[in-house]
Amino acid sequence: MKFLTISMKYIIPLCIAVALFNYQNKESVVNNSPKKEKNIEAKVDSVLALMRVNEKIGQLVQYSGGWDATGPSSSKGDQHKLDKLKKGEVGSMLNVSSVATIKETQRLVMEHSRLKIPLIFAFDVIHGYKTIFPIPLGESASWDLDIIKQSAAVAAKESAASGLNWTFAPMIDVSRDARWGRVMEGAGEDTYLNAQIGVARIKGFQGEDLSSVNTIAACAKHFAGYGFGEAGRDYNTVSIGEYELHNTILPPFKAAADAGVATFMNSFNDVDGIPATGHRGLQRDLLKEQWNWNGFVVSDWGSIGEMIAHGYAKDKKHAAQIALNAGSDMDMESYAYEAYLEDLLNEGKVTMSQLDDAVKRILRIKFELGLFDDPYKYCNEEREKTEVYSKENLEIARDVAKKSIVLLKNNNNVLPLSKNIKSIAVIGPMADDKNSPLGNWRGKGEYNSAVSLLEGIKAAANKNTKIYYEKGIDLTIPTVEAGKNQFLHPLKFNTEDNAGIKKAVEAAKKAEVVLLAIGEDAYQTGEGRSQTNIGFFGLQNELLDAIYKVNKNIVIVLSNGRPIDLSRVSKMVPSILECWHLGSQSGNAIADVVFGDYNPSGKLPISFPHSVGQEPLYYNQKNTGRPWNDKHVTYSGYQDAPKTALYPFGFGLSYTNFSYSNLKLSASEINLNQEIQASVTVTNTGKVVGEEVVQLYIRDLVASIVRPIKELKGFKKVVLEPGESKTISFTINNKTLQFYSVNKKWEVEPGDFNLWVGGDSTTKLKKSFKVVE
């Protein structure tokens with residue numbers, strides 16, 4: 001009866017809508033059932049019929065919070081927001097967190113506004129809320145869709161327990177440039193992998209039923225082309241052709257739409273001269289009409305107003321006109337819709353049907369979340385205490401983190417270390433760092449809350465093992481500005497103070513093996529963190545050189561958010577572990593791998609270059625008229641570096657070895673409507689159990705547009721005992737082979753195809769087949 005009391009308390013003021021809404025109707029538990037959709041549409045229409053123009057416009061307004069909602073306000077701007085909330089002229093809030101604050105903010109609307117339409121509360125839950133998981137690029141290295149879905153589900157559970165119901169994730173921008181700071185936030189360079197991982201995250205966030213108290217609405221971003229900014233510069237222009245857009249950038253978004261993602265976010269960049277926020281072709285024509293998607297589009301922060309700086313809108317009123325006409329439904333912090341939409345309606349420059357469509361889309365998600373049934377359903381202090389940062393969540397974070405580690409090099413089987421090893425030196429600026437492992441976009445992760453590498457090694461090693469620790473150098477120099485808000489201010493790197501290197505050298509001399517923890521600060525990557533240099537900043541190379549002189553038995557433990565230039569390092573040291581920014585349980589997860597409690601199974605989701613000059617770098621390039629491997633090698637390559645990657649897409653070693661054999665196709669020729677089975681035998685030829693990511697690549701040899709030399713079209717992760725073999729099969733069908741052709745549609749063209757199966761994108765195990773009409 002408590003639920004009924006809450007529901008009726010806030011529904012009665014809607015007067016005649018009570019009968020229409022029928023809130024207590026017993027609906028199917030399947031989120032997208034036709035019956036439930038029909039019921040929600042009736043409710044949306046009944047609310048819309050009661051709304052005044054100012055209330056409709058208000059649903060399109062999203063404010064950022066950050067104040068004490070209990071008042072009084074400390075600024076004119078905050079007071080404006082509070083007044084608008086009470087009038088029911090705000091649809092959503094972001095950056096308002098904690099049950100107490102969210103409950104009070106929702107109360108302002110529910111007790112003061114006329115129609116009492118509940119707010120939806122959003123937050124950047126990118127790779128965890130308070131329990132922090134590996135950065136998305138790192139987690140993508142697991143190639144494990146089940147654990148990726150699980151980590152998103154944990155993040156959703158913690159967020160929902162803290163009062164939130166919407167996250168601005170996943171980012172599914174295909175990104176091929178290591179210079180771009182936000183490369184850390186996605187799944188790397190490949191279209192297919194981005195789509196698969198994006199859908200897994202959406203399913204984790206949204207679950208089977210969006211109205212569940214443990215799920216939140218997801219947001220596919222950034223629509224579209226954001227990861228293709230010129231020169232790897234954030235927010236930069238994107239100049240691509242129609243076929244590249246459809247074949248490379250858009251498929252993950254189509255997959256997200258098909259998976260039922262609740263919201264999309266448009267991007268800051270222009271696409272061939274048209275800002276994405278004002279791109280009608282992308283938002284209204286393609287997404288909403290052709291794809292028949294019924295969620296809503298939110299602008300990125302201030303991006304509606306930024307069309308003025310683009311030179312696409314003359315003022316904010318013009319920007320509001322362009323954005324709504326183009327299909328941007330919710331204005332995040334531009335204040336353009338609230339200021340000008342009513343005038344634009346009166347002037348006939350936007351239509352009531354466009355406004356109503358946007359409002360309906362927003363109301364629909366609020367109904368699906370169950371906010372009309374109970375505006376406070378996510379506000380439970382007891383759940384906040386028990387569900388957030390729990391022991392169970394931390395155990396899951398450790399499991400995800402260890403599966404995200406990639407073994408890049410392991411000459412002479414330096415790893416795994418015996419737990420009975422007599423001595424280990426743990427050295428480097430990241431060795432006892434408890435903050436950088438949290439990465440950028442760390443939600444509500446607490447400063448210095450991660451398990452450091454040193455802590456993890458000490459906890460896992462034998463009590464008799466002597467562990468020597470020296471920091472050696474500081475990577476960065478603290479500044480007042482960065483201390484206030486590290487997100488907004490550039491880092492200052494230490495290039496002078498090398499006094500600690502001498503102590504580090506002495507520690508290295510005494511140890512059997514050195515774990516050298518170097519890489520990037522958490523805030524070297526993320527939004528606005530582009531770099532022309534992707535090497536080791538500060539004095540890290542000097543530290544490495546000094547250690548190498550006295551002890552060459554070095555394991556580099558990388559902490560980073562982008563591909564690092566390892567060309568020099570890889571020639572020096574015998575072993576390299578790519579550990580990304582692994583989150584709350586970083587040190588424990590690394591120790592699991594270092595001591596062999598877990599056999600690393602990660603594979604790179606993005607290519608690592610020989611030099612930054614190769615960027616953007618990706619495996620699925622197209623051939624030129626003079627391919628890189630012909631006699632005119634420098635025509636399409638480089639005189640001073642290879643064209644290929646140092647560590648290619650899909651690459652990752654193990655403590656065991658895997659062999660591939662007996663690649664078979666069920667047919668050598670199929671017609672356009674048939675499918676073909678590819679099978680391969682994978683054998684663990686080593687002495688320990690291991691997991692292998694079996695990867696399928698295909699090339700369309702001759703087509704109406706030039707196709708890539710190889711494209712990922714499937715993968716499966718398999719566990720094999722020593723000596724065990726398994727047959728892995730893939731189905732290739734119309735969907736596998738289709739592309740956006742010169743006919744401006746998705747189709748399969750008859751012709752010859754090559755197919756490869758192996759452990760990374762350089763695999764040579766190949767078969768061929770033909771598709772006929």
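**Helix packing, cores and backbone features**

Helix 21 and helix 22 meet through two sets of residues: I501, A504, V505, A508 and K509 from helix 21, and E542, L543, A546, I547 and V550 from helix 22. The structure described here is a predicted model. Sorted by class, the contact between helix 21 and helix 22 holds eight nonpolar residues, two charged residues and no polar ones. Helix 21 spans residues 501-510, and helix 22 spans residues 540-550. Their axes come within 9 Å. The crossing angle is roughly 35°. The crossing of helix 21 with helix 22 is right-handed.

I427 also touches residues of both helices. Neighbours within four places in sequence were set aside for this list. I427 is then in contact with E470, A504, A507, A508, V514, L515, L516, A517, L543 and I547. Among these contacts, A504 and A508 are in helix 21 and also meet helix 22. L543 and I547 are in helix 22 and also meet helix 21.

I427 belongs to the largest nonpolar core, which has 188 residues. It is listed there with W166, F223, F264, I457 and I556 as the residues with the most contacts inside the core. Helix 16, residues 352-369, gives the most to this core, with eight residues. Another core lies apart from it and has 24 residues. Among its members are L663, L665, I676 and V718. In soluble globular proteins, nonpolar side chains tend to be buried together.

Helix 14 covers residues 316-326. Eight of its 11 residues are buried, so helix 14 is largely enclosed by the rest of the structure. The buried residues are A319, A320, Q321, I322, A323, L324, N325 and A326. They pack against four helices, named here in sequence order: helix 12 (280-290), helix 13 (307-310), helix 15 (336-346) and helix 16. Helix 16 thus appears again, as the main contributor to the largest nonpolar core.

The backbone was examined next. Two cis peptide bonds are described here. One runs from K221 to H222, with omega near -5°. H222 is found in strand 5, residues 219-223. Another cis bond joins F223 and A224, with omega about 5°. F223 is also one of the residues with the most contacts inside the largest nonpolar core. A224 is found in the loop between strand 5 and helix 10 (242-249).

That loop also holds A231. Phi of A231 is near 65°, a positive value in a residue other than glycine. A231 counts as partly exposed, because its relative accessibility is 44% and the partly exposed class runs between 20% and 50%. D272 also has a positive phi, near 50°, and is likewise a residue other than glycine. D272 is placed in the loop between strand 7 (270-271) and strand 8 (274-275). Its relative accessibility is 58%, so D272 counts as exposed, the cut-off being over 50%.

Cysteines were considered last. A search of the whole structure finds zero disulfides. C379 is buried, because its relative accessible area of 9% is under 20%. C579 is buried too, with a relative accessible area of 1%.

Definitions and conventions. Residues numbered from 1 in each chain as written. Predicted model: local features only at pLDDT ≥ 70, side-chain atom pairs only at ≥ 80, totals over all residues. Heavy atoms only, no water. Disulfide = S-S within 2.5 Å. Buried < 20%, exposed > 50% of the residue type's maximum accessible area, 1.4 Å probe, protein only. Core = buried A, V, L, I, M, F, W, Y, C linked by side-chain atoms within 4.5 Å. Contact = heavy atoms within 4.5 Å. Axes fitted to C-alpha atoms, helices over the stretch in contact; angles between N-to-C directions. Left-handed = near helix turned anticlockwise from the far one by under 90°. Nonpolar A, V, L, I, M, F, W, Y, C, P; charged D, E, K, R; others polar.
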